Amino acid sequence: MSGKEKERSRTKGGGRFLCMWLMRAVCAGALIWLSLEGMRYAAAFDRSRGLCVVRLSQEVSAEKIRAMREDWEAENEEEPFPAVFWQEQKGVRIRNEAWNRDVSVTELLVCGSSGLLFPGQAFLAAEDTAGCLIDRETSWQLFGDASAVGSMVEFEGETYQVCGVLQESAPVFVHTAQEDGAFSCLALREGKGQNLWDRLQSKSGLSGRRSVCFQWDWRWLKSEGAAGEKIREILYGENNVLEIRYLEQIAAMAAAIAAATVAAFAVVLTWKREGSSAGI
């Protein structure tokens, strides 16, 4: 082999070696990033763990909910009322009067503390009828600030102070019911060995069906009626904010796991290819 041919061979081999290590570095970086993303979504899902969402058969008045809460707290002195009721209305508009800006959001009228709906985030106390919560995108559109806590928004002739900004993908406006209101959704947190929904049904005469349950054991797939009907409702029905969050987190985790698996396979493949090339 001539000197030129040897030089070309060395150059070709060096280029192949560099390309192989570059591919491996890219795949490894992608694997690390995807793993971190999966962990982030898993942590967000874990904050909601044990949270069950129920679609009630009949709307419940705020007056009945308050009586229910008082009865519960009288019987369970050290245990706060474990549920929050809410009514959802899509496509309402809230306004920043000072800047002449308005935006379309989903209104969540809440009876009870909103902390159950948004675990680990800002919340409104059950008695706070002057405050509200909005999401980051809505905050940015109305005030040019992703965290406009303390700002004022107008809704249906009433003024509310922003008490917190939520990390939600859906545009939301959360405020507490005053004296009236009717509610069709219920969220409650169930721990291991507890069935608070059954207790509420037996004590208060509520009826309804679980919509989703944030559980690692995929308990949401188990239906009190027909499982197929429940799954169709969740995937194709008129989803509420918590159902949307649940489906997004499940889809995001599944996508991250699948992509991380592909990246790990690519790392192994490039490693083996280099080993095969070295052995030739």
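Which residues are linked with Arg93 in a network of salt bridges? The partners are Arg95, Glu97 and Asp102, which together with Arg93 make up that network. Let's keep it in mind while we walk through the rest of the protein, which you are seeing here as a predicted model.

## Overall picture

The protein holds 6 helices and 9 strands. Of its 280 residues, 40% count as buried. Among contacts with a separation of 6 or more, 71% are between residues 24 or more positions apart.

A word on confidence before you zoom in. The average pLDDT is 79, and 80% of the residues score at least 70. Residues 219-225 call for some care, as pLDDT stays under 50 over that stretch. The model does give residues 219-225 17 contacts beyond four places in sequence. Where pLDDT is low, the predicted coordinates should not be read in detail.

## Strand β8 and its partners

Strand β8, residues 182-189, is a good place to start. Strand β1, residues 51-61, runs antiparallel to β8 and is joined to it by 7 bridges. Within this pairing, valine 53 stands opposite alanine 187 of β8. Strand β2, residues 83-96, also pairs with β8 in the antiparallel sense, here over 4 bridges. In that case alanine 83 faces leucine 188 of β8.

## The nonpolar cores

Some of these strands meet again in the interior. The largest nonpolar core has 26 residues, and those with the most contacts inside it are Trp86, Leu108, Leu117, Val174 and Leu242. Two or more residues each come from β1, β2, β3 (101-111), β7 (172-176), β8 and α6 (241-279). Helix α6 gives the largest share of this core, with 6 residues. A separate core of 22 residues includes Val54, Trp72, Ala177 and Leu186. In soluble globular proteins, nonpolar side chains tend to be buried together.

Tryptophan 86 deserves a closer look. Beyond its neighbours within four places in sequence, tryptophan 86 is in contact with a list of residues that includes Val53, Leu108, Leu117 and Leu242. Residues of β8 such as Phe183, Cys185 and Ala187 are also among its contacts, and so is Asn240.

## Asparagine 240

Where does asparagine 240 lie? It sits in the loop between α5 (227-236) and α6. Asparagine 240 counts as buried because its relative accessibility is 4%, under the 20% cut-off. Setting aside neighbours within four places in sequence, asparagine 240 is in contact with Val53, Arg55, Trp86, Glu88, Lys90 and Cys185.

## Cysteines

How many disulfides does the structure hold? The count is 0. Two cysteines are worth finding in the viewer all the same. Cysteine 111 has a relative accessible area of 4%, so it is buried. Cysteine 185, at 7% relative accessibility, is buried too.

## Salt bridges

The model contains 7 salt bridges. Three of the pairs are set out here.

| Pair | Closest N to O distance |
|---|---|
| Lysine 203 and glutamate 75 | 2.6 Å |
| Glutamate 88 and lysine 90 | 3.0 Å |
| Glutamate 168 and arginine 245 | 3.3 Å |

Lysine 203 and glutamate 75 form a salt bridge. This pair links distant parts of the chain, with lysine 203 in helix α4 (residues 196-204) and glutamate 75 in helix α2 (residues 62-75), 128 residues apart. Lysine 203 is partly exposed, at 49% relative accessibility. Glutamate 75 is exposed because its relative accessible area, 53%, is over the 50% cut-off.

Glutamate 88 and lysine 90 meet in a salt bridge of their own. Is glutamate 88 buried or exposed? Its relative accessibility is 15%, so glutamate 88 counts as buried. Lysine 90, at 37%, is partly exposed. Both residues also appear among the contacts of asparagine 240.

The side chains of glutamate 168 and arginine 245 form another salt bridge. Here too distant parts of the chain are linked: glutamate 168 is in the loop between β6 (158-166) and β7, arginine 245 is in helix α6, and 77 residues separate them. Both glutamate 168 and arginine 245 are buried.

Terms used: Residues numbered from 1 in each chain as written. Heavy atoms only, no water. Pairing = 2+ DSSP bridges. Core = buried A, V, L, I, M, F, W, Y, C linked by side-chain atoms within 4.5 Å. Buried < 20%, exposed > 50% of the residue type's maximum accessible area, 1.4 Å probe, protein only. Contact = heavy atoms within 4.5 Å. pLDDT = per-residue confidence, 0-100. Disulfide = S-S within 2.5 Å. Salt bridge = Lys/Arg side-chain N within 4 Å of Asp/Glu carboxyl O.
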